[in-house]
Amino acid sequence: MRFYIPLLILLATILLASTISVESQQVSSTNIQITYDPLAKSGIVVYNIYFEQPATTPVNLTVTLIPGSNMTILNVTSLEGVPLLYYYDNQSNTLSTLLNNTSGVVITYLAGDLMTMLVPGSYYMTLDTTSIPGAVSIDINIPGLYNASCIGLKCSTTLDFSSNITKIHVEGKGSLIMTLTLYTPSTLPVTTATPTTSSTTSTISLGATTPQNTTSTTQVPGTVQSPGIQISTPPVNLLITIVAVLLVGAVIILLLVRKRA
Amino acid sequence: MKAWLSTLAALLIVAGLVVSLSAISLASKGVQDVATNAESEEEVDIANNTVAVRPAFNLTFENALKLAYDVRNVTYPLFQWEISHNVTAANVTLNLGDKFLDEALNLSNSIMTRRAAVMAVVAAIHYSHAVPLAYPVVGKTIDSLFNANATSGDITSAVINLAQELKSILLNAVSIAEARNLTIPSSLNNITAIGDKLIANAESNLSAGNITLAFRLAMSGYHTYVKAYGLLVTHIFIQDLQLPARHDIGVFFFHEKIGRETLVKVFEKLPRGLKETVITKIEKGEVNETGEVVEYVREVALMWSIKAKELANDYIKSLLENLTLKTVNGSDIARVAISMKFRSEGEFREAIRQIILNGLSQNKTLSQILNELSNYLGNITNGKFDFRMSLKGKIQHVSIEVGSQVEVEHELENEA
């Protein structure tokens, strides 16, 4: 996994050198905070963009937003908290703003469908940070507990059992494929004691945060055919018929007895 | 004879009474089951009790059991492949699915048929998680090759091979699904074809020595096959449970069980000013789910953004005014023309300010306002001063692009 990160950084460096003007070197780092609930399919994205030094000449900043549905820009401010005028083009999904005398920008927006369902209870998101100038970090907060898997970039995942939040930290440039799957305990939930402490796991590749169970002795059966499904539906109608027949029989016999008498 | 007939009649009446009592007992049990089915309150907690599986649709045990077996059979070869690549989570997940299925079968013999049905759905959900567990296969393979000092080309080649193996398992799964009389989603072939194209491109780029691109294409191809598998499995849920086809069928099963503390933490990233209002709303218990909070944020954000826009307009007015004056002062032609037209710099500044304010009040873009300023300055200098041209070098352009993997696929689609 680690081998291609330098390759991607090299590629990014070549791309940056060839396509982005010298002024863009002012961006020292970009941190993207994503708070997203895959089950509610909505969340908040915050871009924190830091300049190497406060801009002394006006900067026209154009930012590609992580795409989603029903996007609502909450605000765009300087790092000092001054609201900035912005223009959001939903066709190109870019936001542009003009700023001066500030050391950075904060962009906050609401978005739905940042992740896509893979199968019920599992969701994925792809991000390419290759063309972001400066250092790049992404922090993802998810309400609920999930096993997180990352390919392409190093991920560090923390499952906070006390507040039921999954935190994922990603750094670097490259193509990230991140998958979240509802937390799987190693035993049946009905018999599992609820953990009360936080657990932190660093992963280079995915899967390290998934509970490991090497002691499982359950025999894994091969391909199974569904059995003939026999549902224990009460044969109420049959019983009613029997009762009716028996009672009618009894009445006939009683009538015969009376007649003979 | 008479005595015999009387005895027979008495026996028949007794038998009738016994049978009718049994019927009443069984009928009441049936009513109880129907009542349980009708209320659909039955739920099974998963994910450390943070999520409840509570099917919000008419669920029968037969359908749920068929689903569990169908999903198990279609994902079983994938589980086996993952286990063979030492993905222990695959073994855990398969076993967990089996435990839920056993539980479902045990409960089916009792009166708790609704719970049995939900258990079978939970089993199917766990079996379906074989699909995301395909990612650790590629992750572990890359890690082990990297640790063995393999070359980038070798690692890329390994990813290509894994993608081809995965595709083969996918095709086998399609055959299994067909053998079980399940229909295959029509888009599966298209997605698989995109995966094929990505892998073919990865191979050609690897041969040409473009290893970084080859690697990205190989990963994207692998991801595409995983997505295709996901589509196949999701389609089984839709068929067996007779759900409406939509991109996220999770809404029919999952109910979040997160508390206020979690919600507060989730929304603490909101901008100051907005955050306090939202958190107060959560703490009062007036919004209890993420979706509800987001909708509340949308409502409040509109009013909140109007206030922010006033401040933003002040900021941009000052910025554009200073920028214009600075640019004009850098041009002798402009300065002379302005000094001839205006009695003071203050008068000129006021004229500029009005153009900016008019533009802002009409919600014009920055580019449009700059064009209006350019036209105005062009007019007062008889076209001798090109404001837009003079701005070049006075505004820096910074671009931050966040891409998505999908773009690679689209690029290839466009190539075709």
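Okay, a definition to start: a residue counts as buried here if 20 or more other C-beta atoms lie within 10 Å of its own, with those C-beta atoms placed from the backbone. Going by that, 41% of the 416 residues of chain B are buried. And just so everyone has it in mind, this is a predicted model.

Let me stay with chain B for a moment. We've got 16 helices and four strands in there. The domain assignment splits chain B into domain 1, residues 40–256, and domain 2, residues 289–416. Between the C-alpha centres of those two domains of chain B you have 50 Å. As for contacts in chain B with a separation of 6 or more, 71% of them are between residues 24 or more positions apart.

Now pick out helix H6 of chain B, residues 152–179. How far does H6 of chain B reach from its first C-alpha to its last? The span is 41 Å for 28 residues, close to the 40 Å expected at 1.5 Å a residue. Just past the end of H6(B) you come to B:Asn181, which takes a positive phi of about 60°.

There's another asparagine in chain B to look at, B:Asn363. Its phi is positive too, about 55°, although B:Asn363 is not a glycine. You'll find B:Asn363 in the loop between helix H13 (345–361) and helix H14 (366–380) of chain B. Buried or exposed? B:Asn363 counts as exposed, because it has 9 C-beta neighbours inside 10 Å, and the exposed class takes in residues with 12 or fewer.

Compare that with B:Glu321, which sits in helix H11 of chain B, residues 290–329. B:Glu321 has 18 C-beta neighbours inside 10 Å, so it counts as partly exposed. Which residues does B:Glu321 contact, leaving aside its neighbours within four places in sequence? Those are B:Arg349, B:Ile352, B:Arg353 and B:Ile356. You can also check the C-alpha distance from B:Glu321 to B:Ile355: it's 9.8 Å, with the two residues 34 apart along the chain.

Over to chain A, and the sheet. It's an open sheet of four strands, in the order S8-S9-S14-S11, with antiparallel pairing. The edges are strand S8 (116–119) and strand S11 (146–151) of chain A, each pairing on one side only. Going from one strand to the next, the twist averages 30°.

Let's walk across it. S8(A) and S9(A) pair antiparallel over three bridges. One residue pair to click on is A:Thr116, whose bridge partner in S9(A) is A:Tyr124. S8(A) and S9(A) make a hairpin with two residues between them, and A:Gly121 in that turn has a positive phi of about 90°. Strand S9 of chain A, residues 122–128, is mostly covered, with six of its seven residues buried.

Next step: S9(A) and S14(A) pair antiparallel over seven bridges. There, A:Asp128 stands opposite A:Ser175 in S14(A). Then S14 of chain A, residues 175–182, pairs with S11(A), again in the antiparallel sense, over six bridges. If you want a landmark, A:Ser149 stands opposite A:Thr179 in S14(A).

And what packs on the sheet? Helix H5 of chain B, residues 134–147, does, touching S11 and S14 of chain A. The direction of H5 of chain B makes about 45° with that of S11(A).

One more backbone detail in chain A: A:Asn101, in the loop between strand S6 (94–99) and strand S7 (104–112) of chain A. Phi of A:Asn101 is near 50°, a positive value in a residue other than glycine. A:Asn101 is partly exposed, because there are 16 other C-beta atoms within 10 Å.

Last thing, confidence. Chain A averages a pLDDT of 73, and 61% of the residues score at least 70. Over residues 187–223 of chain A, pLDDT stays under 50, though the model has 79 contacts beyond four places in sequence for that stretch. Residues 226–240 of chain A are also below 50, with 21 contacts in the model beyond near neighbours in sequence. Where pLDDT is low, the predicted coordinates should not be read in detail. Okay, that's my tour.

Key: Residues are numbered from 1 along each chain as its sequence is written. Chains are lettered from A and ligands numbered from 1 in the order in which they are written. This is a predicted model: local features need pLDDT of at least 70, side-chain atom pairs count only at pLDDT 80 or more; totals for chains, interfaces and linings use all residues. Domain bounds come from an automatic or database domain assignment. Two residues are in contact if their C-beta atoms, placed from the backbone, lie within 7 Å. The expected span of a helix is 1.5 Å times one less than its number of residues. Two strands pair if DSSP finds at least two bridges between them. Axes are lines fitted to C-alpha atoms, for helices over the stretch in contact, and angles run from 0 to 180 degrees between N-to-C directions. pLDDT is the predictor's confidence in each residue, from 0 to 100.
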